[in-house]
Structures are given as C-alpha cells and as structure tokens.
Amino acid sequence: MQPDETDRALLALLTENARLPVTDIARRLGLARTTVQARIERLETHGLIAGYTIRPGRNLAPPLRATALVSVEARSTPALLTRLRDMPEVEQVHTLSGRFDLMIRIAAPDTERLDRILDRIGDAPGVRSSESLIHLSTKIDRAT
C-alpha cells in the first residue's frame with residue numbers, strides 16, 4: 001500500500017502527537033471523523049502504523065548509555081542474539097557491514113552494571129572481539 005498525501009499528513013500529525021484525538025485530526029485535515037478513523041485502521045492493517053508507545057522522559061531514562069561494537073564468529077550470531085534478548089539492558093541490536101558485525105545499544109543505571117553487561121557480551125560464545133563506546137551527550141535526536 002502506498003500512502004497518499006492525506007495519509008502522509010495524518011501520519012505526520014500522529015508522529016507529532018500520537019495521543020491527538022481523532023476529532024482534532026479530522027478538523028485539521030478537513031475530513032470526517034469516521035474517514036480519519038477508517039484511514040488509521042487501514043494504515044495499521046497495512047503495517048504503516050506499527051503501534052503506539054511511550055517514550056520515557058529524561059527523569060525516567062537510564063543515566064548511562066553505551067554502544068558495543070561486536071565481531072562475531074561465523075554462524076554464531078543466532079545464539080548470541082538469543083543471549084542478548086535475555087539482557088534487559090540491551091535496547092537495540094543492529095547488524096553492520098565492515099569490521100564489526102553487530103552494534104548493540106545498552107542502557108544501564110550505573111557504571112558497575114554497564115561493566116557487567118559488557119563483560120557478559122564479551123564472554124559470550126562466538127564473540128571474537130568487542131569495543132565499547134560510552135555516550136556522553138546527545139546533540140541531535142530526531143526520535144523525540
């Protein structure tokens with residue numbers, strides 16, 4: 001399904017504020033409330049809207065974030081991913097091209113917990129090498 005201009009405008013409004021009432025969206029787009037509701041349902045059904053979520057504010061976010069770059073032995077990635085899924089501090093895992101195979105984003109309440117998580121990752125079967133980078137500050141964040 002390809003979204004039309006109205007769908008894109010609707011998605012933009014929901015991206016800005018997912019809690020915006022359907023009646024407000026309808027008014028802004030100049031459409032009937034039932035039309036907007038039907039479009040939202042269609043966008044959800046076709047996977048253009050995957051869900052709605054809460055983003056924790058600064059006061060709830062873990063104070064420490066890091067990225068681990070990991071090089072993995074051939075065919076070890078599935079087992080490592082299973083292990084990483086069991087670590088609640090692991091927020092995201094991306095596959096990479098280049099010198100490293102995985103980029104792992106980690107959130108921890110303190111340096112001791114971060115150190116333990118990095119040790120668990122580095123000690124996992126199939127991990128050849130890893131490098132960790134502690135996030136100091138955020139200069140640009142388009143996700144918020």
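1. A useful definition to start with: contact means heavy atoms within 4.5 Å. With that in hand, look at helix 4 in this predicted model: helix 4 lies across strand 1, strand 2, strand 3 and strand 4, and runs at about 10° to strand 3. Helix 5 lies across strand 1, strand 3 and strand 4, at about 150° to strand 3.

2. Now for the sheet itself. The sheet is open, with 4 strands in the order 2-3-1-4 and antiparallel pairing. Strand 2 (90-95) and strand 4 (127-134) are the edge strands, each pairing on one side only. From one strand to the next, the twist averages 20°.

3. Try following one pair of strands. Strand 2 and strand 3 run antiparallel and are joined by 5 bridges. Here valine 90 stands opposite isoleucine 106 in strand 3.

4. Next, the largest nonpolar core, which has 19 residues; Val70, Leu80, Leu84, Ile104, Ile106 and Ile121 touch the most other members. At least two residues each come from strand 1 (64-72), helix 4 (77-85), strand 3 (102-108) and helix 5 (111-122). Strand 1 gives the largest share, 5 residues. A second, separate core of 11 residues includes Leu20, Ala26, Val36 and Leu43.

5. Finally, please visit the helix pair. The axes of helix 1 (residues 5-16) and helix 3 (residues 33-45) come within 11 Å and cross at roughly 85°, so these helices are roughly perpendicular to each other. Helix 1 makes the contact through Thr6, Asp7, Leu10, Leu11 and Leu14, and helix 3 through Val36, Arg39, Ile40, Arg42 and Leu43. Those residues divide into 6 nonpolar, 1 polar and 3 charged.

Notes:
Residues are numbered from 1 along each chain as its sequence is written. This is a predicted model: local features need pLDDT of at least 70, side-chain atom pairs count only at pLDDT 80 or more; totals for chains, interfaces and linings use all residues. Side-chain values use heavy atoms; hydrogens and water are left out. Axes are lines fitted to C-alpha atoms, for helices over the stretch in contact, and angles run from 0 to 180 degrees between N-to-C directions. Angles under 35 degrees count as roughly parallel, over 145 as roughly antiparallel, 65 to 115 as roughly perpendicular and the rest as oblique. Ala, Val, Leu, Ile, Met, Phe, Trp, Tyr, Cys and Pro count as nonpolar, Asp, Glu, Lys and Arg as charged, and the others, Gly among them, as polar. A nonpolar core is a set of buried Ala, Val, Leu, Ile, Met, Phe, Trp, Tyr and Cys residues joined through side-chain atoms within 4.5 Å. Buried means under 20% relative accessible area, exposed over 50%, partly exposed in between (1.4 Å probe, protein chains only). Two strands pair if DSSP finds at least two bridges between them.
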